[in-house]
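Here's a quick tour of one protein chain, written for someone just starting out with structures. Keep the picture open while you read, and try to find each spot as it comes up.

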Amino acid sequence: MSHPGGPSVAIAFHSGYGHTAVIAEAVARGAAEAGAEVVSISVDTITDEQWARLDAADAIIFGAATYMGTASAAFHAFAEASSKRWFAHAWVDKLAAGFTNSGAKSGDKSSTLGYFATLAAQHGMHWISLGLLPGWDSTKGSEDDINRLGFFLGVGAQSPTDAGPEAVHTSDIATAEHLGARVARQAAIFRAGLAALAV
């Protein structure tokens, strides 16, 4: 549950077919259960009010499907539009993290996560990694292990291209919930540190 006065986490994402939206919902759920006030924003329909919510957030988690080795065109349009924030240093020292989804187990998802990290760095943000060891990396492991695809920079999810959002793997959902909770906890620590310095 979100708690009044907790850290604010914004999720800025694009989902073309609904699979990435399932991951975004899981990230939001994890962040809320860790005590954050959460807002989810679909960047292809972002409003001025939602831009202001991003500006006010302690952390922004970026998400999009991986298409042709990078984030979707709609997310790229959002990133380009964020240059107004870059000029104003509006997102400097916020926390950032990311998630992506593709049809293939690898699918060059690391390129998309790296793109998100670079976007965050250009804004002067602090990147929060996934913070999990890889799952499914031994004969004793299984595809049900959390972080089953073994990503470190952020959440890398995989969904069959011939199935709907209901086919998003439960392991990927759990991994996304972990990321949301991790970002919320780090945002709370960051806020407490800033408050202590201001005393």
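Let's start with a pair of strands: β5 and strand β7 (residues 155–158) line up in the parallel sense, joined over 4 bridges. One spot to look for is Ser102, which stands opposite Gln158 in β7. Keep in mind that this is a predicted model, so every value here was computed from it.

**Strand β5 and its partners**

- β5 covers residues 95–102, and 8 of its 8 residues are buried, so the strand is largely enclosed by the rest of the structure.
- Which residues of β5 point one way, and which the other? Leu95, Ala97, Phe99 and Asn101 go one way, while Ala96, Gly98, Thr100 and Ser102 go the other, and all of them are buried.
- β7 isn't the end of the story for β5: strand β3 (residues 59–67) runs parallel to β5, with 7 bridges joining the two.
- To find that pairing on screen, look for Ile61, which sits opposite Ala97 in β5.
- Strand β6 (residues 126–127) also runs parallel to β5, and here 2 bridges do the joining.
- Here the pair to look for is Ala96 and its bridge partner in β6, Trp127.

**Strand β1 and its partner**

- Now hop over to strand β1 (residues 8–14), which is mostly covered, with 7 of its 7 residues buried.
- Ser8, Ala10, Ala12 and His14 point one way from β1, Val9, Ile11 and Phe13 point the other way, and all are buried.
- β1 pairs with β2 in the parallel sense, over 6 bridges.
- Val9 is a handy landmark for this pairing, as it stands opposite Val38 in β2.

**The whole chain**

- Zooming out, the chain has 6 helices and 7 strands.
- Read from the N terminus on, the elements go β-α-β-α-β-β-α-α-β-α-β-β-α.
- How does the radius of gyration fit what a compact globule would have? For 199 residues, such a globule would come out near 16 Å, and the chain has 16 Å, so the two agree.
- Along its principal axes, the C-alpha trace spans about 55 × 35 × 25 Å.
- Of the 199 residues in the chain, 47% count as buried.
- Take the contacts between residues at least 6 apart in sequence: 79% of them join residues at least 24 apart.
- The chain exposes about 9,300 Å², and carbon and sulfur atoms supply 57% of that area.
- As for charge, the chain has 12 positive and 19 negative charges, and the mean positions of the two groups are 5 Å apart.

**Spots that link distant parts of the sequence**

- Ala34 lies in the loop between α1 (19–33) and β2 (37–42).
- Buried or exposed? Ala34 is partly exposed, because its relative accessible area is 31%, and the partly exposed class lies between 20% and 50%.
- Ala34 and Arg185 are 151 residues apart along the chain, yet their C-alpha atoms are separated by 6.6 Å.
- Leaving aside residues up to four places away in sequence, Ala34 touches Ala181, Ala184 and Arg185.
- Glu80 belongs to helix α3 (residues 73–81).
- Glu80 has a relative accessible area of 62%, so it is exposed, as anything over 50% is.
- From Glu80 to Leu119 is 39 residues in sequence and 9.6 Å in space, C-alpha to C-alpha.

**Two residues with a positive phi**

- Met68 isn't a glycine, but its phi is positive, near 55°.
- Asp93, also not a glycine, has a positive phi of about 70°.
- Why point these out? Most residues other than glycine have a negative phi.
- Where are they? Met68 is in the loop between β3 and β4 (70–71), and Asp93 is in the loop between α4 (83–88) and β5.
- Met68 counts as exposed because its relative accessibility is 86%.
- Asp93 has a relative accessibility of 42%, so it counts as partly exposed.

Conventions: Residues are numbered from 1 along each chain as its sequence is written. This is a predicted model: local features need pLDDT of at least 70, side-chain atom pairs count only at pLDDT 80 or more; totals for chains, interfaces and linings use all residues. Side-chain values use heavy atoms; hydrogens and water are left out. The radius of gyration is taken over C-alpha atoms; the globule rule is 2.2 Å times the number of residues to the power 0.38. Buried means under 20% relative accessible area, exposed over 50%, partly exposed in between (1.4 Å probe, protein chains only). Contact means heavy atoms within 4.5 Å. Accessible areas come from the Shrake-Rupley method with a 1.4 Å probe; for residues, only the protein chains shown count as cover. Lys and Arg count as positive and Asp and Glu as negative; His and the chain ends are not counted. The place of a charge is taken as NZ of Lys, CZ of Arg, CG of Asp or CD of Glu. Two strands pair if DSSP finds at least two bridges between them.
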